[in-house]
Every structure is written in C-alpha cells, then in structure tokens.
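Subject: The structure you asked about

Hi,

Here is the structure, as promised, with the sequence alongside. Have a look first, and then read on for what turned up.

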Amino acid sequence: MRVDRRTMMMGAVAAAAFAGPARAKRGADGWYDRAIVIDALGGVGDPYGPDGVSRLSDRAWSETQGTGVTMVRDTVFPVGNVPDPWGDYLKSIESSKNLLAANPDRLLLVRSAGDILKAKREGKFAVLIGTQDTCMVGPALDRLAQLKKDGVMTVQLTYNNRNLCGDGSLEPDNAGLSKLGRATIERIEAEKLLLDLSHGGARTMAEAARHAKRPLVISHTGARALSDHPRNTADETIRAVAEKGGVVGVYFMPFLTLDSQPKGSDLIAHIEHIANVAGEDHVGIGTDNGVLPQATDEAARRRNREWALQRIKAGIAAPGEGPEVFPIVADYNSVDRYRRLATALAGRGWSVARLEKLFGGNFLRVYREAWGG
C-alpha cells in the first residue's frame, strides 16, 4: 500500500496530543482567538478514527478546533514521476471530496478568500486543496482548468525531482525552468490559480519567480542562509517572491538544521530571518505537518520507518530524511503549538499586528489577490 503523509498522520495514535509544554496562556486581548490563522501546507487527518471512515471522530474534531487554526492547505496527490499520474490524481481528489462530503458541518472547501472568512464566522475548518507537483498535468495544460473545477486552487510547479516543467530541489544539474514550465505558469495565472514554488530547484524557483506576473508563494520552506539544504530557499529568491507581492511560508521540518533535529529556537530563527529578508508582509507559516501533533510512540515509529523507506526507494527523499527522523520540530509537536509559537515571538518583541500577518494575514491577502473574495 502506498503510504503518503496523510496516511501516516491518520494512522498515528496521538495519545499525547496535549502533552509537552503547558498550553500558553491566552493574551488578555485574545487576538489569537480572533485572528485568521492559516497553515499554508499541512493536512487534515484523524488519528483516532477507523480506517476507511471519512467522518472525523469527535476527538479529532475537538483537537482540530483546539489548534485555533482557521484554514489548512491539504495536498492532492501524486508527487514524483509515477506511472499513471492522472489516474492517481483522480483517486486522490475523490478521497478529498469524500472527506469534505462526510463532514459538511465541520469542513468548508476554499474556493475564494471569502470562504476562509466564512469558515471563521461559522466555526468551521477551512480546507484549501492544492497539488505539490504538476506531474498530473504535464503538457496537457487544459487539465489545469479541470483541477480548478475539482476544487484545486493552488498548484506547485515541481517536487523534489525533475518533471517536464523544470528541475526539483534534488536534481544535481539544477537546470532550471523549461519552456513548458513557463507556459504552465502562464496557464496557472490565466486560470486564476495560485502558483507555489516549494520543492523547486534553486534555479527553477528563481526563474519562475521572475517569470510570474501575479503574486505567488513558496508555501513551505526554510532559509538557505541559515541551513544550506536543497529544500531551503536562497535570500535572493525570497526577495523576488516578496517583490511580486507573494508570501514565503516557514515549515516545521528537519531541514531547518543540517543534523535533522531542529529546536524551537531554530524555527524562530528561520521565521525571523525570512521576515527580515522579505519584510513582515511577506512571511507566513506552512508547517508541512498535519494540524494535529505527530505521535512518537513505537507504532508511530514503525509507520514513519515504512513511509521514509518508501520515499527513499522512490527517489524523492531529501537529505536528512530517514527511517528514524520524524518530520517535525519536537519542541512544537503539540495541539497548542501555533499559540505557543505566537507567545514565544511576542516575547521577542513581535507586535500583535505583526503576528496577525505572520499567522494568516499575509497568506489571506495573497489568496484574495489570486481568487477574489
């Protein structure tokens, strides 16, 4: 069975969901509870429900609400050069539709920025669907219109390896953007979809940022100036995205350090570096985790080993990934991690206005510019 990130998250038994550091006290003004909080690359999963059931369990729903997150961007697969990418996409988008259909009172599909605001008003959880590759599109650019019809609103150009659009972050040649890549960007923008450059090769990302005419994002990455890892982004490209009005999201991933064991202080260092390079209007959060914390018990370790070995075999694992490496920042592996991170940044002098931008305002602005609402 293919194990993707969602499968791993849903199979986890998060017995210590509320474990770790005590919950941060809510600020007197309650800004976090009023804010639009966006995780620009995460996932929707249920660690407690039975396999094959799309309806979220009451516990998973309660803990999802407890995160304080308004919206997460979920991924529709595949990624990588698989034999039947369009067939895999059709299966994956059907799974996403089933999840939404089974939870109409809890989940709301995002097709415009207004849907995110609506979810906040109604106490629902907004789900933005996006790809992390264009392998399912290839040269058939009309498929981008079908993706949008299906509810996909953001398209990532490349994954770690080379595709027809250009080189991903792991390609040693770093050959950059192809002619088809340029045409794909133009069609993405014509369809009023949002372009995402995450997982791109350094040259591909730089050339794509120059070619784009509309605001774009790097939804989940780190600063290469702090950790010289291929999944992280150079300052020049961070600035280029900002100059187009876009946003760079910081992930909670092992690649924040070269030893694959980042601490909370490393996460904060990457956030502050990107905020300084791009400006406070162009930085956000894209954890690349599930919204709920990752269990780390033996059963979870077994699933993580299987998932990691599968990625290594498929040739899509980045340096630093491995059977014993959880894709998390352990210091922030709790239901209240977003709130605790906000509290930590406030303690470093971040104003409420700046925090509101980081935790959702900046991505909300770009989404409004991309889709309206």
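A salt bridge here is a side-chain nitrogen of Lys or Arg within 4 Å of a carboxyl oxygen of Asp or Glu. With that in mind, Arg 162, Asp 167, Glu 171 and Asp 173 are worth finding on your screen, as salt bridges link them into a network.

Before going further, please keep in mind that this is a predicted model. The average pLDDT of the protein is 93, and 92% of the residues score at least 70. The stretch to treat with care is residues 9–28, where pLDDT stays under 50. For that stretch the model has 46 contacts beyond four places in sequence.

Back to the charged pairs. Side chains of opposite charge can pair when their charged atoms come close. The structure holds 24 salt bridges, and three pairs show different settings for them.

- Arg 224 and Asp 228 meet through their side chains, with 2.9 Å from N to O. Asp 228 counts as exposed because its relative accessible area is 56%, over the 50% cut-off. Arg 224 is partly exposed, at 27% relative accessibility.
- Lys 357 and Glu 280 form a salt bridge whose closest N and O atoms are 2.8 Å apart. This pair links distant parts of the chain, 77 residues apart: Lys 357 belongs to helix 13 (residues 352–371), while Glu 280 sits in the loop between helix 10 (264–278) and strand 9 (283–285). Both residues are partly exposed, Lys 357 with a relative accessible area of 25% and Glu 280 at 33%.
- Asp 336 and Arg 340 are joined by a salt bridge with an N to O distance of 3.3 Å. Here Asp 336 and Arg 340 are both buried.

Next, helix 9. Which residues of helix 9 (residues 235–243) are buried? They are Asp 235, Thr 237, Ile 238, Ala 240, Val 241 and Ala 242. These buried residues pack against helix 8 (202–211), strand 7 (217–221), strand 8 (247–250) and helix 10. Just after helix 9 comes Gly 245, with a positive phi of about 85°.

The pairing of helix 8 with helix 9 deserves a closer look. Their axes come within 9 Å and cross at roughly 25°. Angles under 35 degrees count as roughly parallel, so helix 8 and helix 9 are roughly parallel to each other. The crossing of the two helices is left-handed. On the helix 8 side, the residues that meet helix 9 are Ala 202, Met 205, Ala 206 and Ala 209. Thr 237, Ala 240 and Val 241 are their partners in helix 9, and these three also appear among the buried residues of that helix.

A few backbone details may interest you too. The peptide bond from Phe 77 to Pro 78 is cis, with omega near 20°. You will find Pro 78 in the loop between strand 2 (71–76) and helix 4 (85–102).

Two residues other than glycine have a positive phi. Asn 174 has phi near 50° and lies in the loop between strand 5 (152–156) and helix 7 (179–190). For His 199 the value is about 70°, and this residue is in the loop between strand 6 (194–196) and helix 8. Are these residues buried or exposed, or partly exposed? Asn 174 is partly exposed, with a relative accessible area of 29%. His 199, at 4% relative accessibility, is buried, because that value falls under the 20% cut-off.

Finally, take a look at Gly 360 in helix 13, the helix that also holds Lys 357. Gly 360 is buried, with a relative accessible area of 0%. Its C-alpha atom is separated by 4.6 Å from that of Val 37, although Gly 360 and Val 37 are 323 residues apart along the chain. Apart from neighbours within four places in sequence, Gly 360 is in contact with Ile 36 and Ile 38.

Happy browsing, and do write back with any thoughts.

Best wishes

Key: Residues numbered from 1 in each chain as written. Predicted model: local features only at pLDDT ≥ 70, side-chain atom pairs only at ≥ 80, totals over all residues. Heavy atoms only, no water. pLDDT = per-residue confidence, 0-100. Contact = heavy atoms within 4.5 Å. Buried < 20%, exposed > 50% of the residue type's maximum accessible area, 1.4 Å probe, protein only. Helix = DSSP H or I, 4+ residues; strand = E, 2+ residues; numbered from the N terminus. Axes fitted to C-alpha atoms, helices over the stretch in contact; angles between N-to-C directions. Parallel < 35°, antiparallel > 145°, perpendicular 65-115°, else oblique. Left-handed = near helix turned anticlockwise from the far one by under 90°.
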